[in-house]
Amino acid sequence: GEGLSTRTLPMLRASFPRATFVLYLWDALRNKRGVDRNLTFFDRCITFDASDAKTFGMKFRPLFFSPGFERPATTKFQYHLSFIGTAHSDRFKIVSNLANALPTQAIFYRYLYLQAPWMFWVHKLGNSAYREASMEDFRFYSLAKAEVQEVFFNSLAILDIEHPGQTGLTMRTFETMGARKKLITTNAMVQATDFYRPENILVIDRATVPKIPSSFLDSPYVPLPDAIYKKYSMVGWINDLLPSTVLKPVGRR
């Protein structure tokens with residue numbers, strides 16, 4: 001929605017007077033300058049960010065998981081914990097600290113991606129969180145979706161590190177739920193959700209990263225009510241955004 005302007009939107013409204021205009025934001029407004037000026041042109045404004053919902057009078061609706069991530073719980077796994085993501089902000093430091101905070105026997109798969117080797121030097125010289133980093137800590141090519149999902153589905157728990165300028169819950173949070181995996185996250189906002197269970201979700205402080213108790217990785221995932229999985233599925237999300245067009249889950253033919 002940030003690509004639309006106060007010049008374009010009135011033209012669209014005039015051209016389609018019977019249309020319902022819905023805006024959904026999956027980033028914080030403070031990260032998308034000028035989008036707040038567009039809100040008055042929409043019939044419904046919805047955001048994944050609870051603080052933006054309060055400040056700007058929008059409806060709060062978190063993200064979703066896609067059908068490819070909906071899996072039954074399993075006790076078989078190759079990694080105790082995994083993380084695949086772009087190495088922005090303080091992610092390297094958090095991942096490094098967490099590697100030292102895990103129980104000795106835990107297997108931690110981590111894939112920190114940078115767009116090019118020169119990005120490593122930008123972080124190394126300009127970000128104190130990367131002072132201890134070496135070139136070998138990063139990868140400079142992205143993994144294929146199938147490779148990412150193979151690691152994801154072969155993990156007991158998934159690590160989630162939201163951007164420091166973001167309070168909304170990431171897509172990874174919901175993909176983890178859909179796959180019936182445990183979650184270790186730096187986002188304390190998850191504790192206010194209806195799917196939070198301390199048996200499944202461990203919130204850590206990104207600044208200190210305390211020792212991870214063995215009991216969290218040794219205990220099984222606790223299943224949630226079916227209504228929760230339906231609510232945070234892609235179909236549930238669409239039905240909340242466009243309530244006049246109710247979709248049904250896609251079944252096998």
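The exercises below, each with a worked solution, concern a predicted model.

**Exercise 1. The open sheet**

Determine in which order the three strands of the open sheet are arranged, and which strands stand at the edges.

Solution.
- Step 1. The order is β1-β2-β3, and the pairing is parallel.
- Step 2. β1 (22–25) and β3 (59–60) each have a single partner strand, so one side of each is left without a neighbour in the sheet. These two strands therefore stand at the edges.
- Step 3. For the contact between β2 and β3, look at residues 44–47, which make up β2. Two bridges join this strand to β3.
- Step 4. Within this part of the sheet, isoleucine 46 stands opposite lysine 59 of β3.

**Exercise 2. A salt bridge to helix α1**

Find the salt-bridge partner of aspartate 43, and state where both residues lie.

Solution.
- Step 1. The partner is arginine 13, with the closest N and O atoms 3.2 Å apart. The cut-off for a salt bridge is 4 Å, so the pair qualifies.
- Step 2. Aspartate 43 is in the loop between β1 and β2, whereas arginine 13 belongs to helix α1 (residues 8–15). The two are 30 residues apart, and the pair links distant parts of the chain.
- Step 3. Aspartate 43 has 45% relative accessibility and counts as partly exposed. Arginine 13, at 24%, is partly exposed.

**Exercise 3. A salt bridge to helix α9**

Explain why the salt bridge of aspartate 240 and arginine 61 ties together parts that are apart in sequence, then classify each residue as buried, partly exposed or exposed.

Solution.
- Step 1. The side chains of aspartate 240 and arginine 61 meet at 2.8 Å, N to O.
- Step 2. Aspartate 240 sits in helix α9 (residues 234–241) and arginine 61 in the loop between β3 and β4, so the pair ties together parts that are 179 residues apart in sequence.
- Step 3. Buried means under 20% relative accessible area. Arginine 61 has 3% and therefore counts as buried, whereas aspartate 240 has 27% and is partly exposed.

**Exercise 4. The remaining salt bridges**

State how many salt bridges a search of the whole structure finds, then describe the pair of aspartate 194 and lysine 231 and name the residues linked in a network.

Solution.
- Step 1. The search finds five salt bridges.
- Step 2. In one of them, the side chains of aspartate 194 and lysine 231 meet at 2.8 Å, N to O. This pair links the loop between β7 and β8 (201–203), which holds aspartate 194, to helix α8 (residues 226–231), which holds lysine 231. Their separation is 37 residues.
- Step 3. Aspartate 194 is partly exposed at 31% relative accessibility, and lysine 231 is partly exposed at 35%.
- Step 4. The network of salt bridges links Asp90, Glu162 and Arg206.

**Exercise 5. Positive phi**

Locate serine 89 and arginine 180, give the phi of each, and decide whether each is buried or exposed.

Solution.
- Step 1. Most residues other than glycine have a negative phi.
- Step 2. Serine 89 has a positive phi of about 45 degrees. This serine is placed in the loop between β4 (79–86) and α3 (91–101).
- Step 3. Arginine 180 has a positive phi near 60 degrees. Its place is the loop between α6 (171–178) and β7 (182–185).
- Step 4. The cut-off for buried is under 20% relative accessible area. Serine 89, at 19%, therefore counts as buried, and arginine 180, at 18%, is buried.

Note on methods. Residues numbered from 1 in each chain as written. Predicted model: local features only at pLDDT ≥ 70, side-chain atom pairs only at ≥ 80, totals over all residues. Heavy atoms only, no water. Helix = DSSP H or I, 4+ residues; strand = E, 2+ residues; numbered from the N terminus. Buried < 20%, exposed > 50% of the residue type's maximum accessible area, 1.4 Å probe, protein only. Pairing = 2+ DSSP bridges.
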